[in-house]
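Me: I would like to take a close look at a single part of this model, taken slowly enough for a first-year student to follow.

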Amino acid sequence: MTTPITVMPDAAQLGEAVAQRILEQLTTGRAIIGFPAGRSATPVATALRKSGARLDGLQIVMMDEYVTRRAGRWELLDPRTPHSCIGWAQRNLLGPLGLGPTSLLTPDPNDPEAFKDEILDRGGIDLFLLASGQGDGHVALNGPGTPRDAPTRVVELPESTRRDNMSTFPNLQSPADVPAYGVTIGTAELAELSHSAVMLLWGSNKADAFDRISQADRYDPLWPATIVHDCRNAGIYADEAAAQNSEREGVS
């Protein structure tokens, strides 16, 4: 089945449409939403904040975080660091939306296998928002070559992903500024634990990503963000700048 593509005029309207889906999910009494850190999800976070809706039941699942190795154990990046993924969630979701720290679930780099069990205990992820690396197609921190059944784990970031992350967090000026390791949800869990998923693509810098993903119909390990095609009830939301030409077949 072809993953439907919806093209909107700009990122703000894209964010409002996805935020509305989250608000509708909340009316069911639960909303466990997977988020990527960084610019791709910022319009959604902004729209949720502007909605003024009560978001008490919203639970956030972050897909990754940078880590460092000290004394034989992995340590998460200090969330006060500008490029911390957990810090992004605190600054853009928890604080502005009035959510407490128990509303946030993140993978533990020293026990990554437990992440899957924690998600299963909560009944899975109702909606996973996905983003694609603009240059190498990484999703979460799963870089090119990631097998379809990769679990949650600690990975060494290839230079291509580190370069992409410079656009995610503008404070990173060179690949050397990007941490070399991260803990990431696996492609297996993205597909298997999500009840629905949306790939967010906006801005002209995501035009190549739009082409690679929209031209695929199943997971391609050379562009891991194509995992969206293997997710249940999946969709691709893009703005006109990313889609470039909305006359492609299947684009509405």
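Is the crossing of helix 1 and helix 2 left-handed or right-handed, and, going on from there, which residues of helix 3 are buried?

Reply: In this predicted model, the crossing of helix 1 and helix 2 is right-handed. The axes of helix 1, which covers residues 11–26, and helix 2 come within 7 Å and cross at roughly 65°. Where these helices meet, Ala 11, Gly 15, Glu 16, Val 18, Ala 19, Ile 22 and Leu 23 belong to helix 1, while Pro 43, Val 44, Ala 47, Leu 48 and Ser 51 belong to helix 2. An α-helix has 3.6 residues a turn, so residues three or four places apart point the same way.

Helix 2 also leads us to helix 3, since helix 2 (42–51) is among the elements against which the buried residues of helix 3 pack. Those buried residues are Cys 85, Ile 86, Gly 87, Trp 88, Ala 89, Leu 93, Leu 94 and Leu 97, and the elements they pack against also include strand 2 (31–35), strand 3 (58–62) and strand 4 (64–70).

Following helix 3 from its start, one finds a side-chain oxygen of Ser 84 that reaches to within 3.3 Å of the backbone nitrogen of Ile 86. Further along, helix 3 bends by about 30° at Arg 91, yet the 13 residues of this helix, 85–97, still reach 17 Å from the first C-alpha to the last, close to the 18 Å expected. Just after helix 3 comes Gly 98, which takes a positive phi of about 70°.

Methods:
Residues are numbered from 1 along each chain as its sequence is written. This is a predicted model: local features need pLDDT of at least 70, side-chain atom pairs count only at pLDDT 80 or more; totals for chains, interfaces and linings use all residues. Side-chain values use heavy atoms; hydrogens and water are left out. Helices (H or I, at least four residues) and strands (E, at least two) are DSSP runs, numbered from the N terminus. The expected span of a helix is 1.5 Å times one less than its number of residues. The bend at a residue is the angle between axes fitted to the seven residues ending there and the seven starting there. Buried means under 20% relative accessible area, exposed over 50%, partly exposed in between (1.4 Å probe, protein chains only). Contact means heavy atoms within 4.5 Å. A polar contact is a pair of N or O atoms within 3.5 Å; within protein, one must be able to donate a hydrogen and the other to accept it, and residues adjacent in sequence count only if both atoms are side-chain atoms. Axes are lines fitted to C-alpha atoms, for helices over the stretch in contact, and angles run from 0 to 180 degrees between N-to-C directions. A crossing is left-handed if the near helix is turned anticlockwise from the far one by less than a right angle, and right-handed if clockwise.
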